[in-house]
Amino acid sequence: MFTRIVTSALFAGAAAGLIAALLQLYFVQPVLLHAELYETGALVHFGGDAVSAHQDVGGIDPLRDGLSILFTMLVYTGYALILIAAMAFAENRGHVVTARNGIIWGIAGFVIVHFAPGFTLAPEVPGVAAADVYERQIWWFATVATAALAVWLIAFGRNWLAWGAAVILLLAPHVIGAPEPDQFSGPVPTELGALFAARAFGIGAVAWVLTGLFAGHFWRREADREA
């Protein structure tokens, strides 16, 4: 069982991570590099002359971009390991895991890891005002944990008590609220921040759907090989 989980996670995470990394390099990295021009003061979008929205942010950097691909593949391998461990647990309870319903598992992963915390603590470009990083990390982990438990209760709960508890768990972190900065003072245009958040969510959704799809596929394939 352990070998099957690890093998499936390695293949699924590496494949999904590679695709996610390539999408990030094309769609997200230029936005980040553009925002860094404002963060460092190379560009100023208020109080001076108008600044073009189209900037040369450089081309491919083999070392930087190669490391980005490597780390993204490692991150999604970790996600796949958690996802497939949950699949294995569910399968022991009678749930059948396939590539097709793996997509639903992937959507659940996106909701837990990206959408639930991002609903209140939105993805941030460099240079924006933000609260203390440790406080944000604590809130982020707590929100992911409660969202994971809530999604599990929604999927496998068998009565209204479980589903009601899930709703409370989903809402609680947002009712309490995420750590916020004392004042807004970021130098980055809001247009860049909005574009970054939209693309981060979009690529996160695609990456998680692929992670679920690949996880279900490799999990099923390893089972067939052992049979």
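This report covers the two largest pockets of a predicted model and one buried leucine.

**Pockets**

| Pocket | Volume | Lining residues | Nonpolar | Polar | Charged |
|---|---|---|---|---|---|
| Largest pocket | about 940 Å³ | 31 residues | 20 nonpolar | eight polar | three charged |
| Second largest pocket | about 600 Å³ | 23 residues | 20 nonpolar | three polar | no charged |

Start with the largest pocket. Tyr79, His114, Pro123, Phe196 and Ala200 lie nearest its centre. Five helices each supply at least two residues of its lining: helix 1 (2-39), helix 2 (62-92), helix 3 (99-118), helix 4 (133-156) and helix 6 (190-226). Three residues of this lining are charged.

The second largest pocket has no charged residue in its lining. Nearest its centre lie Trp105, Ala108, Gly109, Ile112 and Val151. Helix 2, helix 3 and helix 4 each give at least two lining residues. Helix 3 provides the largest share, with nine residues.

**Leucine 83**

Leucine 83 sits in helix 2. Its relative accessible area is 8%, so it counts as buried, the cut-off being under 20%. Beyond its neighbours within four places in sequence, leucine 83 is in contact with Trp105, Trp208, Thr211, Gly212 and Ala215. One of these partners, Trp105, is also among the residues nearest the centre of the second largest pocket. Glycine 212 is another partner. In sequence, leucine 83 and glycine 212 are 129 residues apart. In space, their C-alpha atoms are 7.6 Å apart.

Key: Residues are numbered from 1 along each chain as its sequence is written. This is a predicted model: local features need pLDDT of at least 70, side-chain atom pairs count only at pLDDT 80 or more; totals for chains, interfaces and linings use all residues. Side-chain values use heavy atoms; hydrogens and water are left out. On a 1 Å grid over the protein atoms alone, a cavity is a set of points where a 1.4 Å probe fits but cannot get out, and a pocket is an open set with protein on both sides within 12 Å along at least five of seven lines; lining residues have an atom within 4 Å of a point. Grid points are joined across faces, edges and corners, and a volume is the space filled by probe spheres set on the points. Helices (H or I, at least four residues) and strands (E, at least two) are DSSP runs, numbered from the N terminus. Ala, Val, Leu, Ile, Met, Phe, Trp, Tyr, Cys and Pro count as nonpolar, Asp, Glu, Lys and Arg as charged, and the others, Gly among them, as polar. Buried means under 20% relative accessible area, exposed over 50%, partly exposed in between (1.4 Å probe, protein chains only). Contact means heavy atoms within 4.5 Å.
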